[in-house]
Amino acid sequence: MSHTPTPDWTHEIALCDLFLSYDERNFHCWDYRRFAIAKSDISPMQELEFSQQKIESNFSNYSAWHYRSKLLPLCFPADTTLLHVSAESSTVQEEKLLLEFDLVTNAIFTDP
């Protein structure tokens, strides 16, 4: 994409949607989606909802779970001044972590 003067990120993301509909665990496509999203005007919260939809359609989609794990610190960063961790640490607000734990627990006991 560095050779294209004005990449159409909306189109690139739509292609990712299409390819993920064919193979929802294609980690190359998930990785490219992260790249395209970073270049677009789509918010991490919108992507968190996208990952939620993918997980709801298939709880064992570990690529969607991984993607979600990378979005949570962006959407719900913990206040690192209260913690003994560096500001660069990928920490998530405790209440959101507890909700994620419930979601994962339900997925474990729901997926055949």
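**Warm-up**

D17, R33 and E47 are linked in a network of salt bridges (a salt bridge is a side-chain nitrogen of Lys or Arg within 4 Å of a carboxyl oxygen of Asp or Glu). Before you dig in: this is a predicted model, where local features need pLDDT of at least 70 and side-chain atom pairs count only at pLDDT 80 or more, while totals for chains, interfaces and linings use all residues. Residues are numbered from 1 along each chain as its sequence is written, and side-chain values use heavy atoms, with hydrogens and water left out.

**Exercise 1. Find out what pLDDT the protein averages, and which elements have the lowest and highest means.**

Step 1: pLDDT is the predictor's confidence in each residue, from 0 to 100. The protein averages 88, and 87% of the residues score at least 70.

Step 2: now go element by element. Helices (H or I, at least four residues) and strands (E, at least two) are DSSP runs, numbered from the N terminus. The lowest mean pLDDT among the elements belongs to α5, at 87, and the highest to α1, at 97.

**Exercise 2. Follow R33 to its salt-bridge partner, and decide whether the two are buried or exposed.**

Step 1: look for the partner. R33 forms a salt bridge with E47, with the closest N and O atoms 2.8 Å apart.

Step 2: place the two on the chain. R33 sits in helix α2 and E47 in helix α3, 14 residues apart, and the pair links distant parts of the chain.

Step 3: check accessibility. Buried means under 20% relative accessible area, exposed over 50% and partly exposed in between (1.4 Å probe, protein chains only). R33 is buried, and so is E47.

Step 4: see what else R33 does. It also lies over the face of F50, at 3.6 Å from the ring centre. The rule here is that NZ of Lys or CZ of Arg must be within 6 Å of the ring centre and within 35 degrees of the ring normal. K96 does this too, over the face of F76 at 4.5 Å from the ring centre.

**Exercise 3. Work out how many salt bridges the structure holds, then describe R34–D31 and E100–R68.**

Step 1: the structure holds 4 salt bridges. As background, side chains of opposite charge can pair when their charged atoms come close.

Step 2: take R34 and D31. Their closest N and O atoms are 3.5 Å apart. Both sit in helix α2, 3 residues apart, so about one helical turn separates them. R34 is partly exposed at 26% relative accessible area, and D31 is partly exposed at 46%.

Step 3: turn to E100 and R68. Here the closest N and O atoms are 2.8 Å apart. The pair links distant parts of the chain, with E100 in helix α5, R68 in helix α4 and their positions 32 residues apart. E100 counts as buried at 12% relative accessibility, and R68 is buried at 6%.

**Exercise 4. Count the aromatic pairs, then classify W9–F35 and W30–F50.**

Step 1: get the rule straight. Rings of Phe, Tyr and Trp (its six-membered ring) pair if their centres lie within 6.5 Å; planes under 30 degrees apart count as stacked, over 60 as edge-to-face and the rest as tilted. By this rule, the count comes to 4 aromatic pairs.

Step 2: W9 and F35 are edge-to-face, at 5.6 Å centre to centre with 75° between the planes. W9 belongs to helix α1 (residues 9-22) and F35 to helix α2 (residues 27-39), so the pair ties together parts that are 26 residues apart in sequence. W9 is buried at 14% relative accessible area, whereas F35 is partly exposed at 37%.

Step 3: the ring centres of W30 and F50 are 5.9 Å apart and their planes are at 55°, so this pair is tilted. It links distant parts of the chain: W30 is in helix α2 and F50 in helix α3 (residues 44-57), 20 residues apart. Both residues are buried.

Step 4: look for a cluster. Ring pairs link W9, Y32 and F35 into one.

**Exercise 5. Compare the reach of α3 with its expected span, and list what covers its buried residues.**

Step 1: the expected span of a helix is 1.5 Å times one less than its number of residues. With 14 residues, α3 reaches 20 Å from its first C-alpha to its last, close to the expected 20 Å.

Step 2: buried residues in α3 include E47, F50 and I55.

Step 3: with contact meaning heavy atoms within 4.5 Å, the cover over these buried residues includes α1, α2, α4 (62-75) and α5 (94-110).
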